[in-house]
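I opened a fresh notebook page for this chain. My plan is to go from contacts to single residues, then to helices, then to the whole.

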Amino acid sequence: MPTIFTHAAAAAAIGAAFQTPKSSWKFWLLGVLCGIIPDFDVIGFRFGVQYGDFLGHRGFSHSIVFAIILAGIFSVLLFPEEGWAFKRWMLFGYFFLATISHPLLDMLTSGGLGVAIFAPFDNTRYFFPVTPIRVAPFSARALLTERGFAVLKSEFLWVWIPAIVFVVGAVFFKRLK
């Protein structure tokens, strides 16, 4: 899995395409949370949930259905003032993409058992055919090792640079309008 920093950065980069001049701190905070919440499933390890279980790491919380549910909760319950206006649908779109970016990035790594992207309909774990992102260690201290540096280097190359290019493109496109 990529580091929490990279998941957060990817979600924030996606936000560049959806933000407006009136976007609040809540918009950005919830978007970043969408990018990292799927990994809250690691709490299950402390309660005996096995890695490959439905609720295990990279299980249901890494699925398309989970991304839809989380985006719905955030856009409806946390932005009640929006009604069912176009802006709510834009918020839903951003929160969905920010959430689904997490398992898609995880599928670009070769670590673990894969991602149950189609749960609850199919608990099979998947990777993309190409897995260029090095798997991050669970420990922050391990990022200060040679292996940790290799992880950060692969994330910078495969996620951060494309995210920066995306943000610059989104800002440029919005200014053209």
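**Entry 1: ground rules.** I count a contact when heavy atoms lie within 4.5 Å. This is a predicted model, where local features need pLDDT of at least 70 and side-chain atom pairs count only at pLDDT 80 or more, while totals for chains, interfaces and linings use all residues. Residues are numbered from 1 along each chain as its sequence is written, and side-chain values use heavy atoms, with hydrogens and water left out.

**Entry 2: Ala98.** I looked up Ala98 and found it in helix H4. I take helices (H or I, at least four residues) and strands (E, at least two) as DSSP runs, numbered from the N terminus. What does Ala98 touch, not counting residues up to four places away in sequence? I listed Ala11, Ile14, Gly31, Cys34 and Gly35. Is Ala98 buried or exposed? Its relative accessible area is 0%, so I wrote down "buried". My cut-offs are under 20% relative accessible area for buried, over 50% for exposed, and partly exposed in between (1.4 Å probe, protein chains only). I also checked Ala71, which is 27 residues from Ala98 in sequence. From C-alpha to C-alpha, Ala98 and Ala71 are 8.8 Å apart.

**Entry 3: His102.** His102 is also in helix H4. Its relative accessible area is 0%, so it counts as buried. I left aside its neighbours within four places in sequence and read off the contacts of His102. They are His7, Gly35, Ile36, Pro38, Asp39 and His62.

**Entry 4: helix H1.** H1 covers residues 4-18. How many of its 15 residues are buried? I found 11, so the helix is mostly covered. Among them are His7, Ala11 and Ile14. I had already met His7 as a contact of His102, and Ala11 and Ile14 as contacts of Ala98. The buried residues of H1 pack against helix H2 (25-36), helix H4 (86-106) and helix H5 (146-176). Then I checked the length of H1. The expected span is 1.5 Å times one less than the number of residues. That gives 21 Å for H1, and its end C-alpha atoms are 22 Å apart, which agrees.

**Entry 5: Val65 and helix H3.** Val65 sits in helix H3 (residues 64-77). Its relative accessible area is 22%, so I marked Val65 as partly exposed. Beyond its neighbours within four places in sequence, Val65 contacts Phe60, Ala119, Pro120 and Phe121. The C-alpha atoms of Val65 and Tyr94 are separated by 15 Å, with their positions 29 residues apart along the chain. The buried residues of H3 include Phe66, Leu70, Ala71 and Phe74. H2 and H4 are among what covers the buried residues of H3. For the 14 residues of H3, the expected span is 20 Å, and the end C-alpha atoms are 20 Å apart, which agrees.

**Entry 6: the whole chain.** I counted 5 helices and 0 strands. The radius of gyration (taken over C-alpha atoms) is 17 Å, close to the 16 Å of the globule rule (2.2 Å times the number of residues to the power 0.38), so the chain is as compact as a globular protein of 177 residues. The C-alpha trace spans about 45 × 35 × 30 Å along its principal axes. Buried residues make up 44% of the chain. Among contacts between residues at least 6 apart in sequence, 63% join residues at least 24 apart.
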